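Work through the exercises below with the sequence and the coordinates open. Each task is followed by a solution in steps.

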Amino acid sequence: MATIGDALLSPENGWIRVNDNHVNFTYENGSSAWTTGSGIAGYYNSDFHNYSGSATNKGQIKFNFTGTKIRIICRAATTLPINNTITVNKDSYTFSTYRSVNQSQTLVFELLSLDDKEHSVIIKNGDGAIIFDAVDIESGKSISPYSPVHYKRFLILNNNEKYYYSSGWISLGVGVPTEQDYLNYGMEDVSTLPESAWSQLTGEVELCYYTDDPNKTEVSFNIETIPFTLAEEWENKQIKIVEYTDDPNQTESIVSIETEPFTLYDELEDNMEVLYYTDDPTKSFAQLDITANYSPLDELEGDFDVVTWSDNNTTKSATTSSIPSPQSIIQTDDYYMYGDLLSIVDKLNSTNGTLRYAVSFNEGSTWEVCKFGKWRNINISTLSLFKSNGMSKYDISLIDAAALKNKGTKIRFAYYIEDNIHNSNPGIEIDNMKLNINSATETIKIDNVAFYVLNTNATIQLSLTGSKLTGILDDSDKGRVQYRVLLNDKPYYPSDGTFTRLAPSPQDIDINISDREIIFNQPNKLKVEFQDYWGETDYWETTFIGTYSGLMFMDDSGEYLSDTFGGILKQLDFGVIIAGQTTFTQKVRIKNQLGYAIDNVYLEMDKKYERDGVVVELSRQENPFLATDYLTFGLTQPDDVIDFYVRIATDMRAKPNPNGIFELKVNADRV
């Protein structure tokens, strides 16, 4: 593996190289301007960006990238400084481009253990020039335009003490968190904190958020908790519902809330006052009739004895009817589940009261309830907890095979039963519980059986368009299939030469063939080997002439002006231009070698090459030349060619520039 100071002429395995002329690199001038060099041997793609600079007014390179690692490739020389700086996100580092012997494509800086996300980068020269050549980033990642990556940090304030979490809560003392607290100890994501950590905090908990983003006006948090209902949170609390409307005619609001059945006694209990108002002058008293189940014995608490007295010896009997107290009933035997549970059915002869359920999967050692798809343990020995936390008839009806995954093959039930004391209808009556299970419970016996497997080979349909390999791998048996791709008899995908994992058929194949792996202007062999679960192997093969992929610029003779990676292969040479003159016209062609149709093609000169008094003019036709600074084109199929014309117009204000260059860029939308 390369180390700092080594010449790194090509990216190592697991890296890709991005040339210095990539469109998403932003070059900002300091006391002088950035210049470019091209056609110079030794540099990556034979070009570079140079900033002569000064110690006080720095030039800057800005961009963003994704991934976990980055390398900077520059020229190192005896005259270059040791104190260049690079800022990745908010962290700044110093790197040297000094070397006792001049060397191009030098690895001058690297970071290898970043978080897998987007990062922002600013590179500045030190006390001297910097010659920037390329950037290496993680394979499969990308460069994007510069946008600052802002800090976001979280701390927890609990009972006026501030905490952060690292395998446990760590206190930072009392008081409001400071900016340095956030920067040194702040957490980036509170959603990853385990529920057990939150349960350790008691009292009022505040989530404190810090960011240096001036445009951030609000923040949201995502924290997973044990499922709960609003009824559980609002129990014994006063609730206020506030409504706002701009309707001047509305004088009242109606709020409908669905609850479990209740009676006035549930709300008023033993004490209440009834106020009566009437404007009837003849009314001299009020009468209130209340029908309720009541006995003076209800006033007695605890156990009591009934004593009778008589002056004869005949047998006496006392009878009474009453409603049972709330009770729990625990099943002593298990149901066995031999297959996939379809549903749990409880047949009730009466629902006049409160009924709750709990289940056990370990013969009654612990009891659980399932609400909102989550299981949690409850204590059924306390009736009030069983009543508030147990499952309702609706909850029990939602339990299915998915909810019982990894719960074993045995289940038993416990019931909380409380009859309604305020009417004379029969109380809760459970007729039976039934498990609907999709399974066979009888023993199957097989004797002298032979199995014959009839297998058909997998089939593949592929096409190579441009640099994209697409198609379908199928198996008429609907079995699992796998494949691998070879390019010029070398493993391409997977890179280690093994087959992909067996996966259900049909299986889509969509692979880009990297231009870095093909041999240009020569025949290349692409081979796809595939096999089914039984190891029956077949292959598909094609040959193609290696060529560039993308929207490719060509001159009138068909020679490529640039390669797939943005490197310059040939320049349009307009010769010496005298201020005030307009050059001759040159024809340029764009060929769609992407492998798919495109639309909304937009062509313009790269604005960073604009110069006062010099204008690059574009036209769809040569004669007459209708000058414009951009061109648009419509639907373009694969291998279609777009022709346009270029010339340079100057005026007397144009300043001399012996090495003046410009670049054209094109963008399009995939159809």
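**Exercise 1.** Leaving aside neighbours within four places in sequence, which residues is Glu110 in contact with?

*Solution.* The model is a predicted one. Start by placing the residue: Glu110 lies in strand S9, which covers residues 103–111. With neighbours within four places in sequence set aside, the contacts of Glu110 are Ile4, Ile70 and Arg71. Next, look at the side chains: those of Glu110 and Arg71 are joined by a polar contact of 2.9 Å.

**Exercise 2.** Describe the protein chain as a whole, and decide whether it is spread out or a compact globule.

*Solution.* Begin with the secondary structure: the protein chain has six helices and 39 strands. The radius of gyration is 40 Å, whereas the globule rule gives 26 Å for 671 residues; the value is well over the rule, so the chain is more spread out than a compact globule. Along the principal axes, the C-alpha atoms fill a box of roughly 140 × 85 × 60 Å. Then take burial: 35% of the 671 residues count as buried. Last, take the contacts between residues at least 6 apart in sequence: 71% of them join residues at least 24 apart.

**Exercise 3.** State which strands stand at the edges of the open sheet S37-S35-S39, and why one side of each is left without a neighbour.

*Solution.* The sheet is open, has three strands in the order S37-S35-S39, and is paired antiparallel. Strand S37 (630–633) and strand S39 (664–670) each have a single partner strand, so these two stand at the edges with one side lacking a neighbour in the sheet. From one strand to the next, the twist averages 15°. For the pairing itself, S35 (residues 598–605) and S37 are joined in the antiparallel sense over four bridges. Leu603 is opposite Leu631 in S37.

**Exercise 4.** Is Glu604 buried or exposed? Find its contacts as well.

*Solution.* Glu604 is placed in strand S35. Its relative accessibility is 13%, and buried means under 20%, so Glu604 counts as buried. Not counting residues up to four places away in sequence, Glu604 touches Leu618, Asp629, Tyr630, Glu663, Leu664 and Lys665. For a distance check, compare Glu604 with Ser139: the two are 465 residues apart along the chain, and their C-alpha atoms are separated by 30 Å.

**Exercise 5.** Identify the residues with the most contacts inside the largest nonpolar core, and the strand that gives the most to it.

*Solution.* The largest nonpolar core has 27 residues, and Ile344, Met391, Ile396, Ile399 and Phe413 have the most contacts inside it. Two or more residues each come from strand S19 (340–350), strand S20 (353–360), strand S21 (367–371), strand S23 (410–419) and strand S24 (429–438). S23 gives the most, with six residues. Now follow Met391: leaving aside neighbours within four places in sequence, its contacts include Leu355, Tyr357, Val359, Val369, Ile396 and Ile399. A second, separate core has 25 residues, among them Cys74, Leu111, Val135 and Ile143.

**Exercise 6.** Which strands stand at the edges of the open sheet S15-S14-S13-S16, and why does one side of each have no neighbour in the sheet?

*Solution.* The four strands form an open sheet in that order, with antiparallel pairing. Strand S15 (169–174) and strand S16 (205–211) are the edge strands; each has a single partner strand, so one side of each is left without a neighbour. Direction ignored, neighbouring strands of this sheet are turned by 35° against each other on average. S14 (residues 161–165) pairs with S15 in the antiparallel sense over four bridges. Tyr164 is opposite Ile170 in S15.

**Exercise 7.** Sort the residues of strand S4 by the way they point, and name a bridge partner in a paired strand.

*Solution.* S4 (residues 47–51) is mostly covered, with five of its five residues buried. In a regular strand, side chains alternate between the two faces of the sheet. In S4, Asp47, His49 and Tyr51 point one way, and Phe48 and Asn50 point the other way. S3 (residues 35–38) pairs with S4 in the antiparallel sense over four bridges, and Thr35 has Asn50 in S4 as its bridge partner. S4 also pairs with S11 (residues 130–138), in the antiparallel sense over three bridges; here Ile130 in S11 is the bridge partner of Tyr51.

Notes: Residues numbered from 1 in each chain as written. Predicted model: local features only at pLDDT ≥ 70, side-chain atom pairs only at ≥ 80, totals over all residues. Heavy atoms only, no water. Pairing = 2+ DSSP bridges. Axes fitted to C-alpha atoms, helices over the stretch in contact; angles between N-to-C directions. Polar contact = N/O pair within 3.5 Å; in protein donor to acceptor, adjacent residues only side chain to side chain. Contact = heavy atoms within 4.5 Å. Core = buried A, V, L, I, M, F, W, Y, C linked by side-chain atoms within 4.5 Å. Buried < 20%, exposed > 50% of the residue type's maximum accessible area, 1.4 Å probe, protein only. Rg over C-alpha atoms; globule rule 2.2 N^0.38 Å.
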